[in-house]
Amino acid sequence: MLQIYRSFWINKIKIIDMKTTVSTKHTEITKKWILIDATDLVVGRLAAFVANRLRGKHLPSFTPHVDDGDFVIITNAEKIHFTGNKFLDKKYYKHTGFPGGIKSTTPEKILAGKFPERIIQKAVRRMMPSGPLSNTQFGNLKVYAGSEHPHEAQKPEVIDVSSLNNKNVKR
(Lines give C-alpha, C1' and ligand atoms only; values in the text may rest on other atoms or scores of the structure.)
Protein backbone atom coordinates (compact mmCIF):
# COMPACT_ATOMS: atom_id res chain seq x y z
CA MET A 1 0.00 0.00 0.00
CA LEU A 2 1.10 3.51 -0.72
CA GLN A 3 1.44 5.46 2.50
CA ILE A 4 2.07 9.10 3.21
CA TYR A 5 4.05 10.23 6.23
CA ARG A 6 3.99 13.69 7.73
CA SER A 7 7.17 14.55 9.53
CA PHE A 8 8.21 17.52 11.64
CA TRP A 9 11.07 18.55 13.89
CA ILE A 10 10.87 19.08 17.66
CA ASN A 11 14.12 20.04 19.45
CA LYS A 12 16.25 18.63 16.61
CA ILE A 13 14.46 15.24 16.74
CA LYS A 14 12.58 14.20 13.64
CA ILE A 15 9.14 12.81 14.50
CA ILE A 16 7.17 10.84 11.95
CA ASP A 17 3.48 10.27 12.59
CA MET A 18 0.02 10.12 11.01
CA LYS A 19 0.34 7.15 8.66
CA THR A 20 -2.47 7.35 6.10
CA THR A 21 -3.52 4.70 3.60
CA VAL A 22 -4.13 6.47 0.32
CA SER A 23 -5.87 3.78 -1.71
CA THR A 24 -6.35 0.03 -1.79
CA LYS A 25 -5.08 -1.65 -4.93
CA HIS A 26 -6.84 -4.50 -6.68
CA THR A 27 -3.96 -6.87 -5.93
CA GLU A 28 -4.17 -6.22 -2.16
CA ILE A 29 -7.81 -7.30 -1.81
CA THR A 30 -8.87 -10.54 -0.14
CA LYS A 31 -12.57 -11.27 -0.54
CA LYS A 32 -14.50 -13.35 1.97
CA TRP A 33 -17.62 -15.43 1.44
CA ILE A 34 -20.47 -14.85 3.90
CA LEU A 35 -23.71 -16.78 4.30
CA ILE A 36 -26.96 -15.23 5.56
CA ASP A 37 -30.16 -17.10 6.39
CA ALA A 38 -33.06 -14.78 5.49
CA THR A 39 -35.73 -16.61 7.49
CA ASP A 40 -38.04 -14.02 9.12
CA LEU A 41 -35.67 -11.11 8.37
CA VAL A 42 -37.07 -7.70 7.41
CA VAL A 43 -36.35 -7.02 3.72
CA GLY A 44 -35.12 -3.42 3.95
CA ARG A 45 -32.77 -4.02 6.86
CA LEU A 46 -31.34 -7.13 5.20
CA ALA A 47 -30.85 -5.26 1.92
CA ALA A 48 -29.02 -2.38 3.64
CA PHE A 49 -26.68 -4.81 5.44
CA VAL A 50 -25.96 -6.76 2.25
CA ALA A 51 -25.40 -3.62 0.13
CA ASN A 52 -22.76 -2.40 2.60
CA ARG A 53 -21.04 -5.81 2.55
CA LEU A 54 -21.04 -5.95 -1.25
CA ARG A 55 -19.51 -2.48 -1.53
CA GLY A 56 -16.92 -3.11 1.21
CA LYS A 57 -18.01 -0.21 3.41
CA HIS A 58 -17.57 -2.35 6.52
CA LEU A 59 -13.79 -2.44 5.95
CA PRO A 60 -11.36 0.19 7.27
CA SER A 61 -9.62 0.08 3.87
CA PHE A 62 -12.80 1.01 1.92
CA THR A 63 -11.97 2.59 -1.41
CA PRO A 64 -14.95 3.89 -3.44
CA HIS A 65 -13.49 3.08 -6.87
CA VAL A 66 -12.30 -0.50 -6.10
CA ASP A 67 -14.38 -3.66 -5.74
CA ASP A 68 -13.21 -4.68 -2.26
CA GLY A 69 -16.52 -6.07 -0.92
CA ASP A 70 -17.36 -9.64 0.00
CA PHE A 71 -19.28 -12.38 -1.78
CA VAL A 72 -22.71 -12.73 -0.14
CA ILE A 73 -24.90 -15.85 -0.23
CA ILE A 74 -28.51 -15.49 0.95
CA THR A 75 -30.63 -18.60 1.55
CA ASN A 76 -34.33 -19.03 2.36
CA ALA A 77 -35.33 -15.95 0.36
CA GLU A 78 -38.94 -17.13 0.25
CA LYS A 79 -39.25 -16.74 4.06
CA ILE A 80 -38.54 -13.00 4.27
CA HIS A 81 -40.81 -10.54 6.06
CA PHE A 82 -42.23 -7.11 5.27
CA THR A 83 -43.18 -4.67 8.03
CA GLY A 84 -46.54 -2.93 8.13
CA ASN A 85 -48.85 -3.45 5.16
CA LYS A 86 -46.05 -3.51 2.57
CA PHE A 87 -46.67 -7.18 1.80
CA LEU A 88 -50.01 -6.28 0.19
CA ASP A 89 -49.71 -2.54 -0.58
CA LYS A 90 -46.20 -2.19 -2.03
CA LYS A 91 -46.00 -2.15 -5.84
CA TYR A 92 -43.14 -3.07 -8.16
CA TYR A 93 -43.45 -1.40 -11.56
CA LYS A 94 -41.98 -2.31 -14.95
CA HIS A 95 -42.63 -1.05 -18.46
CA THR A 96 -42.88 -3.23 -21.55
CA GLY A 97 -41.65 -0.48 -23.86
CA PHE A 98 -44.97 -0.11 -25.64
CA PRO A 99 -47.37 2.82 -25.12
CA GLY A 100 -49.52 2.19 -22.05
CA GLY A 101 -47.42 -0.86 -21.18
CA ILE A 102 -46.78 -0.21 -17.50
CA LYS A 103 -47.21 -3.32 -15.37
CA SER A 104 -47.27 -3.66 -11.59
CA THR A 105 -47.08 -6.51 -9.12
CA THR A 106 -47.01 -6.94 -5.35
CA PRO A 107 -44.55 -8.81 -3.11
CA GLU A 108 -47.32 -11.31 -2.34
CA LYS A 109 -47.50 -12.34 -6.02
CA ILE A 110 -43.71 -12.45 -6.42
CA LEU A 111 -43.20 -14.65 -3.35
CA ALA A 112 -45.95 -17.01 -4.54
CA GLY A 113 -44.42 -17.12 -8.01
CA LYS A 114 -41.49 -18.94 -9.59
CA PHE A 115 -38.67 -16.57 -8.53
CA PRO A 116 -39.15 -15.34 -4.92
CA GLU A 117 -35.47 -14.37 -4.67
CA ARG A 118 -36.09 -11.38 -6.95
CA ILE A 119 -37.52 -9.34 -4.05
CA ILE A 120 -34.17 -9.38 -2.23
CA GLN A 121 -32.28 -8.76 -5.47
CA LYS A 122 -34.40 -5.69 -6.27
CA ALA A 123 -34.05 -4.32 -2.74
CA VAL A 124 -30.26 -4.71 -2.72
CA ARG A 125 -29.88 -3.35 -6.27
CA ARG A 126 -31.85 -0.21 -5.35
CA MET A 127 -29.65 0.43 -2.30
CA MET A 128 -26.46 0.46 -4.37
CA PRO A 129 -25.26 3.30 -6.59
CA SER A 130 -25.59 2.98 -10.34
CA GLY A 131 -22.62 2.39 -12.60
CA PRO A 132 -20.26 -0.27 -13.92
CA LEU A 133 -18.51 -0.87 -10.59
CA SER A 134 -21.84 -1.35 -8.82
CA ASN A 135 -22.89 -3.85 -11.50
CA THR A 136 -19.75 -5.86 -10.81
CA GLN A 137 -20.31 -5.71 -7.06
CA PHE A 138 -23.94 -6.77 -7.48
CA GLY A 139 -22.69 -9.84 -9.34
CA ASN A 140 -21.11 -10.97 -6.05
CA LEU A 141 -24.60 -11.51 -4.59
CA LYS A 142 -26.04 -15.04 -4.77
CA VAL A 143 -29.67 -15.46 -3.64
CA TYR A 144 -31.45 -18.81 -3.31
CA ALA A 145 -35.11 -19.48 -2.49
CA GLY A 146 -34.42 -22.63 -0.46
CA SER A 147 -31.83 -23.58 2.12
CA GLU A 148 -29.52 -25.34 -0.37
CA HIS A 149 -26.72 -23.54 -2.22
CA PRO A 150 -23.80 -24.75 -4.39
CA HIS A 151 -21.08 -22.71 -2.63
CA GLU A 152 -20.02 -25.09 0.15
CA ALA A 153 -16.54 -25.39 -1.38
CA GLN A 154 -15.87 -21.69 -0.63
CA LYS A 155 -16.45 -22.32 3.12
CA PRO A 156 -18.66 -19.25 3.72
CA GLU A 157 -18.68 -17.60 7.12
CA VAL A 158 -22.18 -17.63 8.64
CA ILE A 159 -23.41 -14.22 9.83
CA ASP A 160 -26.50 -14.02 12.02
CA VAL A 161 -28.12 -10.73 10.98
CA SER A 162 -31.06 -11.31 13.31
CA SER A 163 -28.83 -11.04 16.39
CA LEU A 164 -27.35 -7.66 15.34
CA ASN A 165 -30.55 -5.75 16.15
CA ASN A 166 -33.95 -6.88 17.39
CA LYS A 167 -35.65 -4.81 14.66
CA ASN A 168 -34.06 -7.01 11.96
CA VAL A 169 -36.49 -9.86 12.70
CA LYS A 170 -40.24 -10.30 12.31
CA ARG A 171 -42.04 -9.42 15.56
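**View 1. A positive patch on the surface.** Lys86, Lys90, Lys94, Lys103, Arg118, Lys122 and Arg126 together make up a positive surface patch in this predicted model. Such a patch takes residues with over 30% relative accessible area and no salt bridge, joining like charges within 9 Å. A salt bridge here would be a Lys or Arg side-chain nitrogen within 4 Å of a carboxyl oxygen of Asp or Glu, and areas come from the Shrake-Rupley method with a 1.4 Å probe. Helix 4 (residues 118–126) gives the patch its largest share, 3 residues.

**View 2. Lysine 122 up close.** This lysine 122 sits in helix 4. Is lysine 122 buried or exposed? Lysine 122 counts as partly exposed because its relative accessibility is 32%; buried means under 20%, exposed over 50%, and partly exposed in between.

**View 3. Leucine 54 and its surroundings.** Leucine 54 belongs to helix 1 (residues 43–55) and is buried, since its relative accessible area is 0%. Beyond its neighbours within four places in sequence, leucine 54 has contacts (heavy atoms within 4.5 Å) that include Asp67, Val72, Val124, Met128 and Leu141. Threonine 136 lies 82 residues from leucine 54 in sequence, with 9.6 Å between their C-alpha atoms.

**View 4. The chain around these sites.** Here are 5 helices and 8 strands, taken as DSSP runs of at least four residues (H or I) and at least two (E), respectively. Of the 171 residues, 35% count as buried.

**Notes.** Residues are numbered from 1 along each chain, and side-chain values use heavy atoms, without hydrogens or water. In this predicted model, local features need pLDDT of at least 70 and side-chain atom pairs 80 or more, while totals for chains, interfaces and linings use all residues.

Definitions and conventions
Patches are made of residues with over 30% relative accessible area and no salt bridge: like charges are joined within 9 Å, nonpolar side chains (Val, Leu, Ile, Met, Phe, Trp, Tyr) within 5 Å. Lys and Arg count as positive and Asp and Glu as negative; His and the chain ends are not counted. The place of a charge is taken as NZ of Lys, CZ of Arg, CG of Asp or CD of Glu. Buried means under 20% relative accessible area, exposed over 50%, partly exposed in between (1.4 Å probe, protein chains only).
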